[in-house]
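Me: Could you take a close look at one part of this structure for me? I would like to start from a single residue and then see what lies around it.

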Amino acid sequence: MELNVSDLVVSTAGRDRGELFYVIGTEGVYALLANGKDRTLERPKRKKRKHLLRVEQNESEIVRKLKSGDQVLNAQLRKALARERQTFRSQNQGG
């Protein structure tokens, strides 16, 4: 699966299964993930791409900043992920 910087992904394996992250970089078969809380921009999580699933998202200010390389704060990441988490849960609550 091809992942790009600014993609929103959900972890499908490991302790962080079900958690949302933004991709802030890539290293071969690995993606560098941040959520602004326990995985900050300064200490991203390194996870294999095969353990990630891309989530549909709306174009937001955070996505534009990550794509263009502008400075993003951890607080901004947390706020954006909180909004995305609500959308993600409401879309996946069906039965």
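What is the relative accessible area of glutamate 59?

Reply: Happy to help! This is a predicted model, in which local features need pLDDT of at least 70 and side-chain atom pairs count only at pLDDT 80 or more, while totals for chains, interfaces and linings use all residues. Residues are numbered from 1 along each chain as its sequence is written, and side-chain values use heavy atoms, with hydrogens and water left out.

Glutamate 59 has a relative accessible area of 48% and is partly exposed. Here, buried means under 20% relative accessible area, exposed means over 50%, and partly exposed is in between, with a 1.4 Å probe and protein chains only. As for its place in the chain, glutamate 59 sits in the loop between strand E5 (52-54) and H1. Those labels come from DSSP runs numbered from the N terminus: helices are H or I with at least four residues, and strands are E with at least two.

What does glutamate 59 touch? Leaving aside neighbours within four places in sequence, glutamate 59 is in contact with Arg64 and Lys67, where contact means heavy atoms within 4.5 Å. With lysine 67, glutamate 59 also forms a salt bridge, the closest N and O atoms being 3.8 Å apart. A salt bridge needs a side-chain nitrogen of Lys or Arg within 4 Å of a carboxyl oxygen of Asp or Glu. Lysine 67 itself is exposed, at a relative accessible area of 54%.

Now compare serine 6, which is 53 residues away along the chain from glutamate 59, with 9.8 Å between their C-alpha atoms. Serine 6 belongs to the segment before E1 and is buried, at 1% relative accessibility. Serine 6 also has a positive phi of about 90°, although it is not a glycine.

Let's move on to helix H1 (61-68). Within H1, lysine 65 and glutamate 61 are four residues apart, about one turn of the helix. An α-helix has 3.6 residues a turn, so residues three or four places apart point the same way. The side chains of lysine 65 and glutamate 61 meet in a salt bridge at 3.5 Å, N to O. Lysine 65 counts as buried at 18% relative accessibility, whereas glutamate 61 is partly exposed at 48%.

Helix H1 also has a partner in H2: the buried residues of H2 pack against H1, and against strands E1 (8-11), E2 (20-27) and E3 (30-34). These buried residues are Asn74, Leu77, Ala80, Leu81 and Glu84. They cover an arc of only 120° around the axis, which puts them on the same side of H2; the arc is that of the directions from the helix axis to the C-beta atoms. On the face turned away from that buried side, H2 carries the exposed residues Lys79, Gln86 and Arg89.

Finally, a wider view: the whole structure holds six salt bridges. Among them, arginine 46 and glutamate 27 meet at 3.0 Å, N to O. Arginine 46 lies in strand E4 (residues 45-48) and glutamate 27 in strand E2, so the pair ties together parts that are 19 residues apart in sequence.
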